[in-house]
Amino acid sequence: MESATSSRLWSDLIHQRFVPLRITARASGELSGVVTTRLIGHLQASCVSSDPQVFVRSNSLLRSGRELLAAGVVDRGHGYLEQDGRTCEVSDGAFALYDTSRPFTWTFTDEWRMRVYTWPRLGIGTHDPDLSRLTAVAVSGTSGVGRFVAPMFDHLSHDSPTLPDAVSTRLVDELAELTVTAALEAGGQSRRDETDAEACAADAVLREVKDFIEDNLADPDLTPARVAQAFFISTRTLHRTFARHNLTVSAWIKHRRLERTKRALRITSLDPLPISEIARRVGFTNPAAFSREFSQTYGVSPRRYRAVHT
């Protein structure tokens, strides 16, 4: 926990923990406040409390500080968030999204406490036009998708789970997806039923993506983000395209790699390639991990599979 007892110290503390902002008190006198911060994977979870004031992220400040997607949960007092031509009131445990790469204003008219959850902007698979539809929309923590997101925010602020790095990363990525979905729903922009033409277009994209994956299995850096980049779409859009067919991108890549190695292991040759080399040629860089995945999927080790089928 860090506290500040003067306006200057308070401004410095906010800049250090978040991004540079112009801070103005709504009454005469010095500002003071408290900030607590913890990290879960690449998510920063903070709790901020202070006096009535205004935070402004102006155009002149955009060149400094990190580009973050932030969710502000106002537990005490009333906050008014303005961004992308909209203003919303946030209070009583509701939250709203804002993007530090564009101007925004937070106004607090009384003593307040807000929990702030921030993700690196580049880690969110959404292009700017999409994010601009999500900001400054109040999301209730008691209805719709928001009632699932709110308890997750609460646990991340108050509990201290000991999780492996990979699990923490997956957890906060999933939370980002749910938070974005809740904001879309609150703004009346939830996904509508697709027309037949839209479904056909999505299927065409899926076929092209699968072909791209098939042609690039040897690339060990073939990830959902890499695939999305190749098609100039967001990773969220890519995941949604696969989800329409009850698939995930990562699982499909792994499936195709395993199938490719299985075919290669059936090839009879006087001088067969080592199993580790076969795995490397389809993107498996860790022989032990490949052997484990193969055995779990097909119920037999790669070595035993080759012996039986050649």
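What share of the contacts in the chain with a separation of 6 or more comes from residues 24 or more positions apart? In this predicted model, the answer is 70%. The chain holds 310 residues, and 42% of them are buried. Laid along the principal axes, the C-alpha atoms fill a box of roughly 85 × 45 × 35 Å. On the secondary-structure side, there are 11 helices and 11 strands to go through.

Start with the sheet of 6 strands. This sheet is open, its pairing is antiparallel, and its strands come in the order β1-β3-β4-β11-β6-β9. At the edges sit β1 and β9 (95-99), each of which pairs on one side only. From one strand to the next, the twist averages 20°. At the β1 end, strand β1 (residues 2-4) is joined to strand β3 (residues 33-40) by 3 bridges, with the two running antiparallel. Two of the residue pairs can be named: E2 has V35 of β3 as its bridge partner, while A4 is matched with G33, also in β3. Helix α1 (residues 7-17) packs on this sheet, where it touches β1, β3 and β4, and its direction makes about 10° with that of β3.

On to the next pair in the order. β3 and strand β4 (residues 43-50) are paired in the antiparallel sense over 8 bridges, and V34 has S49 in β4 as its bridge partner. These two strands make a hairpin with 2 residues between them, and G41 in the turn takes a positive phi of about 60°. A second helix to look at here is α3, which lies across β3, β4, β6 (68-76), β9 and β11 (112-120). Against β11, α3 runs at about 95°.

The other sheet to describe has 5 strands. It is open too, with antiparallel pairing and the order β2-β5-β10-β7-β8. Its edges are β2 (22-25) and β8 (86-90); each has a single partner strand, so one side of each is left without a neighbour in the sheet. Direction ignored, neighbouring strands here are turned by 15° against each other on average. At the β8 edge, strand β7 (residues 79-83) pairs with β8 over 5 bridges in the antiparallel sense, and Y80 finds its bridge partner in E89 of β8.

The loop between β7 and β8 contains D84, which has a positive phi of about 55° despite not being a glycine. With a relative accessibility of 29%, D84 counts as partly exposed. A similar backbone question comes up at A136, in the loop between α2 (128-131) and α3 (146-158). A136 is not a glycine either, yet its phi is positive, at about 50°. Is this residue buried or exposed? At 4% relative accessibility, A136 counts as buried.

Next come the helices further along the chain. Helix α4 (residues 165-186) has 22 residues, which at 1.5 Å a residue should span 32 Å; the end C-alpha atoms are 32 Å apart, so the two values agree. Its buried residues are S168, V172, L175, A176, T179, V180, A182, A183 and L184. As background, an α-helix has 3.6 residues a turn, so residues three or four places apart point the same way. In α4, S168 and V172 are both on the buried list, as are L175, A176, T179 and V180. Just after α4, G188 takes a positive phi of about 70°.

Finally, there is a helix pair to look at. Two packed helices are described by the angle between their axes and the distance between the axes. For helix α8 (residues 249-265) and helix α10 (residues 287-298), the angle is about 90° and the axes are 11 Å apart. The two are therefore roughly perpendicular to each other. On the α8 side, the contact is made by K254, L258, E259, T261, K262 and L265. From α10 come F290, E293, F294, T297 and Y298. Which classes do these residues fall into? The contact has 5 nonpolar, 2 polar and 4 charged residues.

Notes: Residues numbered from 1 in each chain as written. Predicted model: local features only at pLDDT ≥ 70, side-chain atom pairs only at ≥ 80, totals over all residues. Heavy atoms only, no water. Axes fitted to C-alpha atoms, helices over the stretch in contact; angles between N-to-C directions. Helix = DSSP H or I, 4+ residues; strand = E, 2+ residues; numbered from the N terminus. Parallel < 35°, antiparallel > 145°, perpendicular 65-115°, else oblique. Contact = heavy atoms within 4.5 Å. Nonpolar A, V, L, I, M, F, W, Y, C, P; charged D, E, K, R; others polar. Pairing = 2+ DSSP bridges. Expected span 1.5 Å × (residues − 1). Buried < 20%, exposed > 50% of the residue type's maximum accessible area, 1.4 Å probe, protein only.
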